[in-house]
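User: I'd like to go through the salt bridges in this one. Can you take me through them step by step?

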Amino acid sequence: MVDTSQRRRHDNPPPRTANSESEVLRGFLDYLRASIAAKVDGAPEPMARTSAVPSGTTLLGLLQHLTYVERWIFLGDDVTDWQATFVVEPSVRAADIVARYRNAVERANEVLDDCTDLAAPLPKSRPGRPSASVRWALTHMIEETGRHAGHADILRELIDGTTGR
């Protein structure tokens, strides 16, 4: 059994945001983004890429997948094989995946900064497909990031006993 007495982190509560719908949605999304990046950042490298569950899910795979989702939704990148987005090549370092994720989030936020109407379509759409509304995109990213942040909580605890957001 893993000794977790040294690895329990204080849970950060959900953010206090302003009252507008956009500020609430973006505040919660950024909170979840920071939570999952923190789960991966500092995880022991060999274990962060090794699965401890039958599905084969890894910490690095989760964050890499979310990088693709951010880029797909907000930047208009095309993804043809979602399952492949979970597979991390052995030569890719954990720090590189964290940096790519943070870069995708930064670029997505730049797009969102110019979106003042939540009902409007996102400005960057994939060719031949209608663009989702900003509201839908934010809500979907909260759901997707929250779901995978929960997976990351469990995987990180299995790796080294670290808990908390």
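User: Is Arg-26 buried or exposed?

Analyst: Keep in mind that this is a predicted model. The relative accessibility of Arg-26 comes out at 18%. The cut-off for buried is under 20%, so with its 18% Arg-26 counts as buried.

User: Which residue does Arg-26 meet in a salt bridge, and how many residues apart in sequence are the two?

Analyst: The partner of Arg-26 is Asp-113, at 2.9 Å from N to O. Arg-26 sits in helix H1 and Asp-113 in helix H4 (residues 94-113), so the bridge ties together parts of the chain whose separation in sequence is 87 residues.

User: What about Glu-70: which residues share a network with it?

Analyst: Start with its bridge to Arg-33, where the closest N and O atoms are 2.8 Å apart. That pair links helix H3 (residues 59-75), home of Glu-70, to helix H1, home of Arg-33, across 37 residues. Both side chains' residues, Glu-70 and Arg-33, are buried. Through salt bridges with shared partners, Glu-70 is joined into one network with Arg-33 and Asp-30.

User: And Arg-135 with Glu-21: what are their relative accessible areas?

Analyst: These two form a salt bridge, with 2.9 Å between the closest N and O atoms. Arg-135 belongs to helix H5 (residues 134-160) and Glu-21 to helix H1 (residues 21-40), 114 residues apart. Each is partly exposed: Arg-135 has 32%, and Glu-21 has 40%.

User: How many salt bridges does a search of the whole structure find?

Analyst: The pairs above include Arg-26 with Asp-113 and Arg-135 with Glu-21. Searching the whole structure gives a total of 10.

Definitions and conventions: Residues numbered from 1 in each chain as written. Predicted model: local features only at pLDDT ≥ 70, side-chain atom pairs only at ≥ 80, totals over all residues. Heavy atoms only, no water. Salt bridge = Lys/Arg side-chain N within 4 Å of Asp/Glu carboxyl O. Helix = DSSP H or I, 4+ residues; strand = E, 2+ residues; numbered from the N terminus. Buried < 20%, exposed > 50% of the residue type's maximum accessible area, 1.4 Å probe, protein only.
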